[in-house]
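Q: Please take a close look at one part of this model, a place where two helices pack together, and describe how they are arranged and which residues are involved.

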Amino acid sequence: MPMPGNGEAVTRQTEAAAEVAAEVGAEVEVGVGVEVRAGRGVGRGTGGGAEAAAGNDESPASALPRGVIVLFAVACAAAVANVYFSQPLLVTIGHDLGMSPAFVGSVVTLTHIGYGLGLFFLVPLGDMADRRRLVVAQLLLLVLALTVVAAARTATVLLVGMAATGLLAVVTQTLVAFAASLAPPAARGRVVGLVTSGVVIGILLARSASGLMADLAGWRSVYLASASFTALLALILHRVLPRPTSVSPTTLRYGQLLRSTVTLFVRERLLRLRALFGLLVFAAFSTLWSSVALPLSEAPYYLPHSAIGALGLIGVVGALAATVAGRLNDRGLSRRTTGIALALLAASWLPLAFTRSSLWALAVGVILLDLAVQAVHVTNQTLIHALHPDAGSRLIGGYMVFYSVGSATGAIAATSLYTVAGWGAVCALGAAFSSLGLVLWVCTRHSDLRRLR
């Protein structure tokens with residue numbers, strides 16, 4: 001029997017466990033304490049159950065210092081920004097290297113192709129190698145790729161450098177998986193939330209930062225500065241990153257490692273569900289950010305590129321506020337957090353639809369959208385890592401492939417739709433992606449509740 005005065009705490013503990021159990025389809029036993037059991041081995045080297053609420057995975061028991069968490073976030077922001085630096089620079093780069101307007105668009109395409117390949121082929125290496133050494137090695141190779149881009153005198157060299165930059169920028173996801181593995185289970189959501197906020201901030205600020213630097217010192221200065229900062233980060237991380245000793249790397253060979261990533265998707269319902277959520281929310285995210293410059297550069301605003309790029313500063317407010325999602329996940333409220341965030345995501349398109357008549361409406365919509373996307377993203381990564389902590393890199397890498405597919409789908413669909421039907425149609429598309437995610441949540445929520453009962 002619970003001690004007198006502890007009833008409320010036990011009730012909260014029970015509710016939190018039930019919340020997480022419903023999320024992962026786990027078995028719950030409620031007595032004096034609360035036990036959540038979930039997960040199963042997936043081939044050799046991926047076993048390990050997930051204790052989603054307050055489980056006993058093999059992560060270190062002590063909390064990560066806040067300074068180290070901030071360093072993880074800064075490194076994530078710096079790495080992922082390299083994927084987006086080129087977007088406001090395409091015209092300048094094309095003039096400098098004699099690339100046609102149609103051909104210069106391949107710069108962005110190849111960078112994202114490289115990133116997608118890195119998610120599948122490089123990120124899983126974190127489960128078989130020392131993540132500390134892997135992070136430093138990838139950062140040093142990224143420095144080399146950025147230097148190639150900065151020194152490129154022909155289109156061919158530039159494209160090779162951009163593809164390599166995208167490939168190596170996936171060190172971002174290696175860092176996220178590393179931070180999640182080092183965090184104690186009770187604080188993993190908070191840690192993932194803080195680190196992931198660095199990713200979103202890097203994406204949002206990359207365009208405005210590169211545009212400003214290019215105006216001051218030319219487009220090559222952007223990549224030289226990034227190479228220098230990345231080299232400094234590699235040195236600092238080499239000295240600061242802890243050496244994980246509690247979780248042994250998998251004994252799988254590289255080919256088996258890649259196959260086991262597919263196996264994880266086949267066997268884990270939660271991973272498939274969360275990957276679909278990721279695809280839909282990032283399709284909505286990309287729908288906005290790939291097309292919002294179009295109405296802002298036309299009547300009645302005619303905003304310059306620097307002003308449009310500064311819109312990312314507003315989005316950072318939403319990204320930072322969404323770190324609360326990590327704390328909610330640590331309390332076992334992942335399902336509710338997802339539902340509320342998806343509802344906010346769908347609602348954000350209402351003010352966004354009034355962009356042509358009100359910049360205040362645009363600002364409100366941007367904050368709501370970035371808050372919602374970040375909340376779902378943090379929840380997704382926290383839950384899927386808990387499935388198999390020793391396969392964290394494969395889980396997050398595989399999940400991020402869906403993120404890339406969603407981002408590409410949203411960008412292509414939004415820009416094409418704007419040309420033929422205008423901003424209203426783009427908002428309808430974003431609302432459709434968001435509403436589909438909300439419907440998926442409602443359907444799976446009822447299914448999980450029935451399984452729990």
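A: For the packing described here, axes are lines fitted to C-alpha atoms, for helices over the stretch in contact, and angles run from 0 to 180 degrees between N-to-C directions. The model is a predicted one, and in it helix α12 (residues 269-289) packs with helix α18 (residues 359-387) at an angle of about 155°, their axes being 10 Å apart. Because angles over 145 degrees count as roughly antiparallel, α12 and α18 are therefore roughly antiparallel to each other. Their crossing is left-handed.

On the side of α12, the contact is made by L270, L271, R274, F277, G278, V281, F282, A284, F285, L288 and W289, while α18 contributes V366, L369, D370, V373, V376, H377, T379, N380, L383, I384 and L387. By character, the residues of this contact divide into 16 nonpolar, four polar and two charged.

Another residue of helix α12 is A275, which has a relative accessibility of 0% and therefore counts as buried, the cut-off for that term being under 20%. Leaving out residues up to four places away in sequence, A275 touches F265, Y399 and F402. A275 can also be set beside L395, for the two are 120 residues apart in sequence, yet their C-alpha atoms are 9.9 Å apart in space.

How values were computed:
Residues numbered from 1 in each chain as written. Predicted model: local features only at pLDDT ≥ 70, side-chain atom pairs only at ≥ 80, totals over all residues. Heavy atoms only, no water. Helix = DSSP H or I, 4+ residues; strand = E, 2+ residues; numbered from the N terminus. Parallel < 35°, antiparallel > 145°, perpendicular 65-115°, else oblique. Left-handed = near helix turned anticlockwise from the far one by under 90°. Contact = heavy atoms within 4.5 Å. Nonpolar A, V, L, I, M, F, W, Y, C, P; charged D, E, K, R; others polar. Buried < 20%, exposed > 50% of the residue type's maximum accessible area, 1.4 Å probe, protein only.
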